[in-house]
Amino acid sequence: MKIKTTLIQGFLCAILGSSFQLQALAQGTAIEQAAIPGATRENPAVEYPPRDFATAEEHYNYLLEQASGGTQHTMATIPVWDGLWSAGYNSMPAIFLEEGSMAIAMRPGGEVREGVLTPAYEEHFRARRAEINENGSQLYDRLTNCEYPGMPRWLWEPYVKEFVNMPDQSWMLNDFMNETRRVYINAEHVNIDGKHSATGDSIGFWDNDKLIVWTKWINPADYLRGMPLTSNQIEIVETWQQIITVEGQRQLVTQVTFYDPIGLQSPQSAVYTHTASPDLEEFGARIRNWECTSSSNSFQDEDGRTFFRLPGDPEFRDPRGFTDFPDIPGQSLNPMGQ
Amino acid sequence: MKKLIMASTAIIIGSFLTLAQFAFGHHSFAMFDNSKERIIEGTVVRWAFNNPHTWLYIEAADENGEMITWGFEGAAQVHAMRQGVNGTTFQPGERVKVIMQPLVSGEPAGAMCFVQKEDGSIARPNDGVCDSEARASVWQQNGWLNSPSLTTYDLD
């Protein structure tokens, strides 16, 4: 297993390394864009907060003050992050595992870092890693039953994303579970719902070409399958910036700091990236509605493992034939003839 | 039971790379027996080009010779598209040979690795359970695609 892990890590580094070489060029916005300070030629480096902050609110307000209240963009000046995007490198697993990387985040290997998580969360994480080491994989993922990835897992899920920036809002759309984040620009947090949600409530401001976001009121979830749980008190500060690699590829680099007073012993930072994916547009790909609840047959069985309902099972859902009204013409999900 | 021979280090490495890239779907993959590959030949009854996973359903004989519906899970749409597969790749009624990793439980389903269509072409709708390009090459080079349906090969 150690050999396999090393191979995976080596080739991931080779692939990802070629994609994340950075240089300072501007594109897609009228504002000059800078290289990420501290970046290596392989991957963007984590940018830690300029000083320690006790809370996300303190961090966000400091950045807002440093930006003199933020840049007031118009539709003519706002950074444009158009097209389809795919998730790329992220450093999050290194927070929780010694030499952690995405190559082992969901697979056996890696030692749990001590003192990062609070005792209850570290105990659960150790049990989760033991399950992976024993079975080769976490036996059940909450997304199996079409649960939303939510934040912070949204930052990585490897499907198709779009980003729409406007002066008063930014929309971050993931095809996975049709999960859209809305960032309210120059606004205050509002919660008339009296509850939390998968993506929480996000506010933000622009600092030239950087979008700074503070998200709170997020459902308890997880960083990723194989990674620790997050608590219902997690708050997240993100800084988004589009950069251009030396190959001329558009990248969105997101510097993230997690503030979770219940799950973490202290705030932790990571960097995530997204890569523009014109290849998907060439294929004719468009974001379609995610059909998990009407087409997925995966579920958690009595032993706590993931399994599928198969044809012949009374609860099997024909993914293209299901209808509640089989006797009425035109009710099939199958107008293409299958 | 025949033993598969890994064709080369490159293929091994390629397999791990593909695993690393794509086996990140919305559920665990622990239910598949990734130590085996099995060929199932049958007739397409449904090609569901769906998220979070594509599924190919075919009518094929089981071990008792009874015709049943088999189901094979593939990649999410975006990953399938990157491997040249879309919603019209398979049509009901066409004959296919599916090379898959079976369920540990033994039920008639598995994780698709690749599919040989009637004209001999290879379609790769697989998720991260295998490196379909490399595995298809191994199967072709060894003539295993002519094996009877239900033949199983060990990967160790």
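This passage walks through strand 5 of chain A and its neighbours, and then turns to the overall make-up of chain B. The model described here is a predicted one.

A good place to begin is strand 5 of chain A, which spans residues 179–185. In a regular strand the side chains alternate between the two faces of the sheet. Strand 5 of chain A has a covered face made up of E179(A), R181(A), V183(A) and I185(A), while T180(A), R182(A) and Y184(A) lie on its uncovered face.

Strand 5 of chain A pairs with two strands described here, strand 4 and strand 6. With strand 4 of chain A, which covers residues 169–174, the pairing is antiparallel and runs over 6 bridges. Within this pairing, R181(A) of strand 5 is the bridge partner of M172(A). The two strands form a hairpin with 4 residues between them, and in its turn M177(A) has a positive phi of about 60 degrees.

Strand 6 of chain A, residues 201–207, pairs with strand 5 in the parallel sense, over 3 bridges. Here V183(A) stands opposite S202(A) of strand 6. V183(A) is also one of the residues on the covered face of strand 5.

Turning to chain B, the secondary structure comes to 3 helices and 8 strands. Along the sequence, these elements follow the pattern β-α-β-β-β-α-β-β-β-α-β. Chain B has 156 residues, of which 53% count as buried. Among its contacts between residues at least 6 apart in sequence, 63% join residues at least 24 apart.

How values were computed: Residues numbered from 1 in each chain as written. Chains lettered and ligands numbered in written order. Predicted model: local features only at pLDDT ≥ 70, side-chain atom pairs only at ≥ 80, totals over all residues. Buried ≥ 20, exposed ≤ 12 C-beta atoms within 10 Å, placed from the backbone. Pairing = 2+ DSSP bridges. Contact = placed C-beta atoms within 7 Å.
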